[in-house]
Amino acid sequence: MLIGGIEAGGTKFVCAVGDESGNILDKITFPTEEPDKTLDAAKQFFNKHDIQALGVGSFGPVDLNKKSKTFGSILNTPKLKWKQFHLLDQLKQDYNVPITLDTDVNAAALGEYKYGAAKNVASVLYITVGTGIGAGFVKDGQTYIGKSHPEMGHIFIQQRKDDNFEGNCPYHGTCLEGLASGPAIEKRFGKKGDLLGADHIAWEITADYLAQAIINYLLILSPEKVIIGGGVMKQKQLYPLIRRKVLEFSNAYMELENLDEMIVTPKLNDEQGIKGAIALALLG
Ligand code: ADP
Ligand code: ZN
């Protein structure tokens, strides 16, 4: 069976066709522009393939409340042409196959669960630390959606005494995303993260906030694995810093064995989102 997947990101779209084993047979990447143009490009790609089902991992916030009148549409995004855009309706018009829509981070979590770093566990949390911060959760092969999807990047964090940054979340200022996303790091230190040295204080501070968030996620969801991806995590020194702080913050309350294997990098080389999107279609 040939399955289609779309990783609908705020910056780029990835479209691919694959099979049930996670093999990708054809793939295309193009920038996210206005909805019509972007979805036309996707259609041109899929016209070449006879897909039987389509899975879509979308940037958000996207309305995943099945009871909502706007189910399947993009909500409050700064990308104005996409705001209130009814993504699922348009996809249904474009493709006469069953479509499964979920968040980009749930798709990435599912990709790693089926084919990557979380292949051998029953529950996994996937966190992305990039332009924004978000997380997806998979348990026993199913992605977690509540009334709509969780927004784990916007949780409240204790700010360090040595950090008086006002934060850059337009809604909450110093929520996790407002303190630890790529743009937050850039705004606080006046330089993009990739231009800050590996021993810059930025990483100590960012690891602190991410570790606080992870402690909260562990307490609430108890995942067996935590995978952290996204552009900011290219700073590999963050992983040991985060693990150390998670241990410190837990203060022996939780049994945290072998954090080197529990808090890890993604394994699918930037294909977790698109492989996960294809896997979404198989959930039905
Ligand atoms: P997106 O979140 O838009 O899908 P990314 O996950 O690539 O994209 O995240 C982009 C963010 O990551 C930007 O804010 C960028 O400054 C930051 N970033 C990218 N590479 C690095 C790096 N090597 N070190 C630190 N920050 C980085
Ligand atoms: Zn926020």
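## Exercises: a sheet, some rings and an Asp

Five strands, running β8-β7-β6-β9-β10, make up an open sheet with mixed pairing. Keep in mind that this is a predicted model.

**Exercise 1.** Work out which strands sit at the edges of the sheet, and which helix packs on it.

*Solution.* Start with the ends of the order. β8 (142-143) and β10 (263-264) each pair on one side only, and that makes them the edge strands. Next, look for the helix: α6 (residues 201-221) packs on the sheet. Its contacts are with β6, β7, β9 (225-229) and β10. Finally, compare directions: α6 makes an angle of about 155° with β6.

**Exercise 2.** Take strands β6 and β7: are they parallel or antiparallel, and over how many bridges do they pair? Then find the partner of Ile127 in β7.

*Solution.* β6 covers residues 123-129 and β7 covers residues 133-139. The two run antiparallel and are joined over seven bridges. Pick out Ile127 and go across to β7: the bridge partner there is Ala135.

**Exercise 3.** Classify the ring pair Phe13 and Phe30, then say why it ties together separate parts of the chain.

*Solution.* There are six aromatic pairs by the centre-to-centre rule, and this is one of them. For Phe13 and Phe30, the centres are 6.0 Å apart and the planes differ by 25°. Planes under 30 degrees apart count as stacked, and that's the label for this pair. Now place the rings: Phe13 lies in strand β2 (residues 12-18) and Phe30 in strand β3 (residues 24-31), so the pair ties together parts 17 residues apart in sequence. As for exposure, Phe13 and Phe30 are both buried.

**Exercise 4.** Do the same for Phe59 and Trp82, then find the aromatic cluster they belong to.

*Solution.* Here the centres are 5.6 Å apart, with 80° between the planes. Over 60 degrees counts as edge-to-face, which fits the label of the Phe59 and Trp82 pair. Both residues are in the loop between β4 (53-58) and α2 (87-94), 23 residues apart. Phe59 and Trp82 are both buried too. Put the rings together and you get one aromatic cluster: Phe13, Phe30, Phe59, Trp82 and Phe85.

**Exercise 5.** Locate Asp163, decide whether Asp163 is buried or exposed, and list what Asp163 touches.

*Solution.* Asp163 is in the loop between β8 and α4 (176-180). Its relative accessible area is 6%. The cut-off for buried is under 20%, so Asp163 counts as buried. Leaving out residues up to four places away in sequence, Asp163 touches Leu179, Arg188, Ile205 and Tyr209.

Methods: Residues numbered from 1 in each chain as written. Chains lettered and ligands numbered in written order. Predicted model: local features only at pLDDT ≥ 70, side-chain atom pairs only at ≥ 80, totals over all residues. Heavy atoms only, no water. Pairing = 2+ DSSP bridges. Helix = DSSP H or I, 4+ residues; strand = E, 2+ residues; numbered from the N terminus. Contact = heavy atoms within 4.5 Å. Axes fitted to C-alpha atoms, helices over the stretch in contact; angles between N-to-C directions. Phe/Tyr/Trp six-rings, centres within 6.5 Å; stacked < 30°, edge-to-face > 60°. Buried < 20%, exposed > 50% of the residue type's maximum accessible area, 1.4 Å probe, protein only.
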